[in-house]
Amino acid sequence: MAFKQMTAAEVSKKVINKTDLFILDVRNESDFNDWKIEGRNFEFLNIPYFDLLDGVEEILGQLPDNKEILVVCAKEGSSVMVAEMLSEAGLDVFYLKGGMKAWSEHLEPVRIGELTNGAEIHQFVRLGKGCLSYMVVSNGEAAVIDSTRMIDAYLDFADDIGVKVTHVLDTHLHADHISGGRRIAEVTNAAYWLPPKDAAEVTFEYQPLESGKVITIGHTAIDIQALYSPGHTIGSTSFVVDQKYLLSGDILFIDSIGRPDLAGLAEDWVGDLRETLYTRYKELSDELIVLPSHFMIIDELNEDGSVAKKLGTLFAENHGLNIADETEFRGLVTGNLPPQPNAYQEIRETNMGKIEPDVEKQREMEIGPNRCAVR
Amino acid sequence: MNSDIVLDAKGLACPMPIVKTRKAMNDLQTGQVLEIHVTDKGAKADLAAWSKSGGHELVEMAEENDILKFWIRKG
């Protein structure tokens, strides 16, 4: 029987369409437990490749005969070896092209909706890491928001639809992934906007993004209004796009809220976080559609693969917005914090321009889930 | 630390460092130590997990100029 490759893009479609898939993950147990491909109808078996060097006969009974089987490892090599052994044993199997490395880097563009005068907003879903970034397109121009380091995904997308990137924005100084903002700005000559309170130590030129600032994309005046909303970081800034969408950065997610400890101590910013969520956001229209910069679990995805929900719905359903008692709130966001994202200090320094690791090192720094939220 | 055999697995990508380690281990007696040099960062967690599952002891690990060195005592 044969073994074939399956790309990260093909796996993404299965996640979004909730297709059945059996994943044989041959990484070591701790890597698997830390971070894996998630899908509503995915089944998993974790057997490290080094336990299969003598043969795969012992696991054949654990593999289904009515489902596609995908063998996954860190970088591809071991999954090819195991897939080949399985095919020699008579099975039809796939291996994940580029392994978890490719899975972590894949961006799936999803059209969120239309804005005034035919403008559009697109979400780039990084399924492997739970990162979300955005492109607002209007009248031949585009703004990229919270971009990942895979900048070709945005540049190619802009080329394909014939628009020029004129503005690049980050809602805050990221600690879980390396921003591509500065490089996109360099390549396209766009302006790079950062909240000044997060940019105190950056080594490069930027435009200060302050509350009340309005950035216009295209002649048709799609406005991006900055709204100072500290809590995840001291500078965290949300954007209201075309009075319709609220880009909430890492402050508010669909089923969780931002953690306040990745750039300092949780105690320092828990008050800011509370004020942003319970006062500043309360003053906004319930009809705004929240577009966050992360998701944590696959259940936060809508039917079309997008991650978006009305602010009013979140005020009703998101546990983090419904803790009346301030002490209890403080307990939630300072007490029971999940482990920090991999290499988060180095990632912050990279985003400040203080260190410039090569691509291989950047990949390694970003391995694993984003862990920017508390539930 | 002292070793009985040194295995050079530098430049090899997963799964080869483990495949070679396993092979080299077969030539050792219980209690002898195998020293392994690798450049694949993934080997770090994998060699530790492999040693454990195979009943061997990962005695020491060091990193010098992007080269990872492991000393594993055969169990």
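**Entry 1: A:Lys309**

Is A:Lys309 buried, partly exposed or exposed? I looked this up before anything else, keeping in mind that I am working with a predicted model. I found 19 other C-beta atoms within 10 Å of A:Lys309, so I noted this lysine as partly exposed. The cut-off matters here, because a residue counts as buried from 20 such atoms upward.

I then asked where A:Lys309 sits, and found it in strand β19 of chain A, which covers residues 309–310. Setting aside neighbours within four places in sequence, I listed its contacts as A:Ile254, A:Ile289, A:Val290 and A:Leu314. I also checked A:Val333, which is 24 residues away along the chain, and the C-alpha atoms of A:Lys309 and A:Val333 turned out to be separated by 22 Å.

**Entry 2: chain A as a whole**

I stepped back to take in the whole of chain A, and counted 11 helices and 20 strands. Its radius of gyration is 21 Å, close to the 21 Å that the globule rule gives for 375 residues, so I can call chain A as compact as a globular protein of that length. Along the principal axes, its C-alpha atoms fill a box of roughly 65 × 50 × 40 Å.

Of the 375 residues in chain A, 51% are buried. I also looked at contacts with a separation of 6 or more in chain A, and 64% of them involve residues 24 or more positions apart.

**Entry 3: the seven-stranded sheet of chain A**

In which order do the seven strands of the open sheet in chain A run? I read it as β6-β7-β8-β9-β10-β11-β12, with mixed pairing. The edges are taken by β6 (108–114) and β12 (207–208), each with a single partner strand, so one side of each has no neighbour in the sheet.

I zoomed in on one pair. Strand β9 (residues 141–145) and strand β10 (residues 164–169) of chain A run parallel and are joined by five bridges. At the start of β9, A:Glu141 stands opposite A:Lys164 of β10 in chain A.

Just ahead of this, A:Asn139 caught my eye in the loop between β8 (131–138) and β9 of chain A. Its phi is near 50°, a positive value in a residue other than glycine. A:Asn139 has 15 C-beta neighbours inside 10 Å, so it counts as partly exposed.

**Entry 4: where the chains touch**

How many residues does each chain bring to the contact? I noted 16 from chain A and 13 from chain B. On the chain A side, helices α2 (29–34) and α3 (77–88) each supply at least two residues. Sorting that side by class gave me seven nonpolar, four polar and five charged residues.

**Entry 5: two helices of chain B**

Next I turned to chain B, where helix α1 (residues 16–26) packs against helix α2 (residues 43–54) at an angle of about 35°, with the axes 10 Å apart. The crossing of α1(B) past α2(B) is right-handed. From α1(B), the contact is made by B:Pro17, B:Ile18 and B:Thr21, and from α2(B) by B:Ala43, B:Asp46, B:Leu47 and B:Trp50. I sorted these residues as well, and got five nonpolar, one polar and one charged.

Ahead of α1(B) I found a cis peptide bond between B:Cys14 and B:Pro15, with omega about 10°. B:Pro15 belongs to the loop between β1 (5–9) and α1 of chain B.

**Entry 6: strand β4 of chain B**

Which side chains of β4(B) point to the buried face? I listed B:Leu68, B:Phe70 and B:Ile72, whereas B:Ile67, B:Lys69, B:Trp71 and B:Arg73 point to the other face and are not buried. This fits what I expect, since side chains in a regular strand alternate between the two faces of the sheet.

I then followed the partners of β4(B). Strand β2 (residues 33–38) of chain B runs antiparallel to β4(B) and is joined to it by six bridges; B:His37 has B:Lys69 as its bridge partner. On the pairing with β3(B), I noted seven bridges, also in the antiparallel sense, with B:Glu63 bridged to B:Leu68.

The hairpin of β3(B) and β4(B) has two residues between the strands, and B:Asn65 takes a positive phi near 45° there. B:Asn65 has 5 C-beta neighbours inside 10 Å, so I logged this asparagine as exposed.

Notes. Residues are numbered from 1 along each chain as its sequence is written. Chains are lettered from A and ligands numbered from 1 in the order in which they are written. This is a predicted model: local features need pLDDT of at least 70, side-chain atom pairs count only at pLDDT 80 or more; totals for chains, interfaces and linings use all residues. Two strands pair if DSSP finds at least two bridges between them. Helices (H or I, at least four residues) and strands (E, at least two) are DSSP runs, numbered from the N terminus. Axes are lines fitted to C-alpha atoms, for helices over the stretch in contact, and angles run from 0 to 180 degrees between N-to-C directions. A crossing is left-handed if the near helix is turned anticlockwise from the far one by less than a right angle, and right-handed if clockwise. Two residues are in contact if their C-beta atoms, placed from the backbone, lie within 7 Å. Ala, Val, Leu, Ile, Met, Phe, Trp, Tyr, Cys and Pro count as nonpolar, Asp, Glu, Lys and Arg as charged, and the others, Gly among them, as polar. The radius of gyration is taken over C-alpha atoms; the globule rule is 2.2 Å times the number of residues to the power 0.38. A residue is buried if 20 or more other C-beta atoms lie within 10 Å of its own, exposed if 12 or fewer, and partly exposed in between; C-beta atoms are placed from the backbone.
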